[in-house]
Amino acid sequence: MEETFRGIADFVRDHQAWAAPIVLLLAFGESLAFISLLVPAWGALVAIGALIGAADISFWPVWIAGAIGASLGDWLSYWFGFKYKEHVAQMWPLSRYPDLLPRGEAFVKNWGVPSIFIGRFFGPLRASVPLAAGIFEMPYWRFQIANFVSALVWAAALLLFGDVISLILEWLWKAV
């Protein structure tokens with residue numbers, strides 16, 4: 001998996017015009033309930049963030065693309081949970097992780113709307129919180145507001161983390 005993400009980062013470095021669409025797809029997959037369990041893309045997003053300063057890629061379009069991809073992934077997960085409710089737990093790959101959905105359910109019930117924001121930043125919760133919010137019919141607009149705001153913060157955090165790491169490594173390289 002690491003080799004794949006390195007290849008994606010190399011592609012973005014060589015074809016900077018593709019940075020925003022690739023980040024959108026990676027963030028979408030990272031936030032989509034079923035896909036995020038199989039393909040954790042946050043490492044590739046951090047690596048692309050490292051390229052922002054190093055390869056002189058514009059931050060703003062990549063950030064917005066990441067936020068849109070993440071919010072679309074959570075929206076689709078919410079819709080799926082709302083539509084299929086109790087059948088979701090029996091579907092693959094969630095059927096392989098029987099404790100994941102109950103953890104998401106408990107989290108949503110305990111924290112309410114802030115669970116969407118908090119869950120965005122924790123791997124397994126990122127996959128299950130939007131599903132649980134849909135299953136338990138969290139009010140649509142409350143979910144969407146928390147979804148989009150958290151996606152903006154999450155995308156910026158991952159990309160800026162990569163950019164800061166890149167700057168630190170560059171500084172260390174010059175110091176040596």
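Start with H5 and H8, which are oblique to each other because their axes cross at roughly 45°. This is a predicted model, so every stop below concerns computed geometry.

**Stop 1: H5 against H8**

Select residues 123-135 for helix H8, and show H5 with it. The two axes come within 6 Å, and the crossing of H5 and H8 is right-handed. On the H5 side, display Asp 74, Ser 77, Tyr 78, Phe 80, Gly 81 and Phe 82. Their partners in H8 are Arg 126, Pro 130, Leu 131, Ala 133, Gly 134 and Ile 135. Coloured by class, this contact has 7 nonpolar, 3 polar and 2 charged residues.

**Stop 2: H5 against H2**

Keep H5 (residues 59-84) on screen and add helix H2, residues 19-31. Here the packing angle is about 30° and the axes are 7 Å apart. H2 and H5 are therefore roughly parallel to each other. Their crossing is right-handed.

From H2, select Ala 19, Ala 20, Val 23, Leu 24, Ala 27, Phe 28 and Ser 31. These meet a set of H5 residues that includes Pro 61, Val 62, Ala 65, Gly 66, Ile 68 and Gly 69. Further along the list for H5 are Ala 70, Leu 72, Gly 73, Asp 74, Leu 76 and Ser 77. The contact of H2 with H5 divides into 13 nonpolar, 5 polar and 1 charged residues. Asp 74 and Ser 77 deserve a label: both appear in the contact with H2, and both appear in the contact with H8.

**Stop 3: the cavity**

How many cavities of 30 Å³ or more does a search of the whole structure find? There is 1, and the largest cavity has a volume of about 30 Å³. To find it, select Ala 27, Leu 45, Gly 66, Trp 154, Ala 155, Leu 158 and Leu 159, which line the cavity. Ala 27 and Gly 66 were already on screen from the contact of H2 with H5. Which helix gives the most to this lining? H9 does, with 4 residues. By class the lining has 6 nonpolar and 1 polar residues, with no charged ones.

**Stop 4: H1 against H4**

Hide the earlier selections and show H1 and H4. These helices pack at an angle of about 30°, with their axes 9 Å apart. That makes H1 roughly parallel to H4. H1 passes H4 in a right-handed crossing.

The H1 residues to display are Phe 5, Ile 8, Ala 9, Val 12 and Arg 13. Opposite them, H4 supplies Ala 44, Ala 47, Ile 48 and Leu 51. This contact has 8 nonpolar residues, no polar ones and 1 charged.

**Stop 5: the largest pocket**

Leave H4 visible. The largest pocket has a volume of about 260 Å³ and is lined by 14 residues. Which of them lie nearest its centre? Centre the view on Ala 47, Ala 50, Leu 51, Ser 166 and Leu 169. Ala 47 and Leu 51 are also part of the contact of H4 with H1.

Helix H1 (2-14), helix H4 (42-54) and helix H9 (140-175) are the elements that give two or more residues to the pocket lining. H4 provides the largest share, 6 residues. Colouring the lining by class gives 9 nonpolar, 3 polar and 2 charged residues.

Methods: Residues numbered from 1 in each chain as written. Predicted model: local features only at pLDDT ≥ 70, side-chain atom pairs only at ≥ 80, totals over all residues. Heavy atoms only, no water. 1 Å grid on protein atoms, 1.4 Å probe; cavity = no way out; pocket = protein on both sides within 12 Å on 5 of 7 lines; lining within 4 Å. Points joined across faces, edges and corners; volume = space filled by probe spheres on them. Nonpolar A, V, L, I, M, F, W, Y, C, P; charged D, E, K, R; others polar. Axes fitted to C-alpha atoms, helices over the stretch in contact; angles between N-to-C directions. Parallel < 35°, antiparallel > 145°, perpendicular 65-115°, else oblique. Left-handed = near helix turned anticlockwise from the far one by under 90°. Contact = heavy atoms within 4.5 Å.
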